[in-house]
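Trainee: Could you walk me through this one, please? I have not looked at it before.
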Amino acid sequence: MENILEVHQLSKHFGKKQALNNVDFTVGKGRIVGLIGPNGAGKTTIMKAILGLFSYEKGQIKIDNHPVSEASHQALAKVGALIEYPAIYPYLTGLDHLKLNATGDATTERIDQLVKQMKMESYINRKAKNYSLGMKQKLGIALALINQPELVILDEPMNGLDPQATKDLRDVIMSQAAAGTSFLISSHILSELEKLVSEVVIIDHGEVIKQATIANLNHQENDFIMLKTSDDAAARTSLAQVGITTAEAPGLVFNQTPSATLALVIKTLVKADIDIYDVVHQGEDLEASLLSILHNEKKEA
Amino acid sequence: MTIFAVLSKAKPEWFSAKGQTTGAFNGTLFLAFFLIGVASTIVASEFQHGTIKALLYRKYYRGEIFASKVITLFLFSIVNYVLIFLYTLILKFVLFSNVALDAKVGKTTVLGQLGLDLVGSFIGIWLILALVLLIANLFKTGSAAITIGILSYFAASILQIAQSFAIEKWNWLKWNPLNMLNVGAQISDSTFKSVTKLSTPLLTTGSLVYTVIFLLIGYYIFKKRNV
């Protein structure tokens with residue numbers, strides 16, 4: 001499969017802190033790839049480097065086989081993006097923004113179609129300073145899509161969107177991807193991301209931990225189980241004493257393996273006089289897989 | 001401008017009609033403040049609204065984006081100076097038919113002096129605008145750039161005496177950028193040479209060189225900035 005985006009051995013420092021370390025991943029043409037990881041993992045930094053907004057010390061970024069850097073932007077003609085928050089001038093209307101950014105042929109038709117697809121008709125003629133967070137977010141996404149780019153980079157696109165708007169966005173992304181557009185999307189709303197992406201790149205501490213298809217990822221990773229106890233802190237300590245580490249997540253989450261079974265966990269907690277209120281099997285979803293991978297990485301470290 | 005023209009008509013003992021006409025009815029003073037505001041906003045508001053990212057991730061080089069802003073500001077300033085010139089003529093024809101455009105003012109005419117005043121003001125304001133663009137790029141805030149711009153506008157006259165003493169003592173100080181801010185005054189009135197210690201062509205060249213230096217530093221900051 002041909003790649004629209006190739007990131008190879010990308011490294012960047014902020015002062016003494018290494019923000020990215022030999023980051024390597026690809027986005028195939030027409031694929032929707034999720035960029036996931038904990039806060040501060042380096043997702044936005046990677047996206048900004050791809051968009052030529054950051055310089056980097058080492059590595060190479062190619063869009064459709066053309067290099068991109070802070071000083072070389074030609075390949076970015078094929079890219080649309082929403083980074084951090086929508087880039088909006090408060091004194092312009094949504095329609096003004098779209099007209100200002102639309103280039104090429106049949107801009108009016110494209111704008112009309114996108115406004116309809118994103119369901120923005122009721123407020124597109126209002127000044128953007130009066131928009132709600134969700135409206136601004138939708139406009140930001142529309143701006144990323146307006147020039148029918150080959151690659152769309154979206155950083156937390158579901159921020160501030162209500163369930164209906166989230167579904168509308170999902171439909172738009174799916175239809176664009178079906179037409180051949182590639183997407184690189186970062187989001188903390190993993191349940192939503194899972195409905196969209198075919199592949200994920202997992203980042204932690206500026207490094208790519210794994211790039212895999214959703215099917216492979218879920219298949220490879222073990223179950224995660226969340227417990228609600230009378231004293232999570234004490235439970236964590238008791239489990240650590242028998243060699244079972246827990247994930248850094250709300251509640252008490254552990255990765256069930258042959259050596260760390262639910263039975264052993266329950267026995268340990270009962271022995272420690274800790275009450276168990278609930279046991280939730282998190283199943284093989286993206287969230288569980290991510291937690292498992294990050295958990296294993298932590299254990300290895 | 002209209003207010004000064006009306007005041008000049010009503011109270012000629014306060015404001016001479018000829019002096020007001022050659023001084024474009026103080027239009028350049030207010031235009032300077034306006035252009036300082038525009039110069040700071042044209043850069044700082046992009047950072048303030050976060051729109052700078054959307055500008056920079058396009059196919060264009062950063063130099064092209066910075067140059068487009070400078071060119072826009074340059075054309076905008078020219079249009080405004082032309083408008084001031086035309087409005088000065090309108091006010092003169094409507095209110096001061098007694099002031100002849102070819103009447104003598106020093107070695108030149110009323111029209112010639114008006115031209116010198118506008119050209120001098122234009123060169124002087126661009127030195128300040130280049131500094132404002134630099135500061136707006138550096139601090140990403142409009143208020144700092146506007147403050148420094150307005151202070152610079154008055155700096156030359158506020159510090160004139162102190163600077164004059166300093167230049168008398170250390171001759172090389174005549175090349176400092178603050179002295180170049182007198183370019184407008186000297187183009188309009190060549191006797192200002194006794195203060196600046198530089199001939200008008202040298203002062204004009206120095207002013208243009210500093211303008212280019214400030215723009216180049218501003219461009220360098222813009223180019224190197226992570227957003």
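Mentor: Let me begin with a term: a salt bridge is a side-chain nitrogen of Lys or Arg within 4 Å of a carboxyl oxygen of Asp or Glu. This is a predicted model, in which local features need pLDDT of at least 70 and side-chain atom pairs count only at pLDDT 80 or more, while totals for chains, interfaces and linings use all residues. Residues are numbered from 1 along each chain as its sequence is written, chains are lettered from A and ligands numbered from 1 in the order in which they are written, and side-chain values use heavy atoms, with hydrogens and water left out.

Trainee: OK, how many salt bridges cross the interface of chain B and chain A?
Mentor: The rule finds 2 there, and a search of the whole structure gives 13 over all chains. In one of those at the interface, Arg62(B) pairs with Glu70(A), with the closest N and O atoms 3.8 Å apart.

Trainee: And what does Lys53(B) meet in a salt bridge?
Mentor: Its partner is Glu84(A), at 3.3 Å from N to O. Glu84(A) sits in the loop between strand S6 (79-82) and helix H2 (94-101) of chain A, whereas Lys53(B) belongs to helix H4 of chain B, so this pair joins two chains. Helices (H or I, at least four residues) and strands (E, at least two) are DSSP runs, numbered from the N terminus.

Trainee: How many residues does each chain bring to the contact?
Mentor: Counting contact as heavy atoms within 4.5 Å, chain B brings 18 residues and chain A brings 27. Lys53(B), Tyr57(B) and Lys59(B) supply 35% of the area that chain B buries against chain A, more than any other three residues. Buried area here is the accessible area (1.4 Å probe) that two parts lose on being put together, summed over both, and for these two chains the value is about 1900 Å², with 50% of it on carbon and sulfur atoms.

Trainee: Switching topic, which strands make up the open sheet in chain A?
Mentor: The sheet has 4 strands in the order S12-S13-S11-S14, with antiparallel pairing, where two strands pair if DSSP finds at least two bridges between them. Its edge strands, each pairing on one side only, are S12 (246-247) and S14 (276-281). S12(A) is joined by 2 bridges to S13 (residues 252-255) of chain A, and Thr246(A) has Phe254(A) in S13(A) as its bridge partner.
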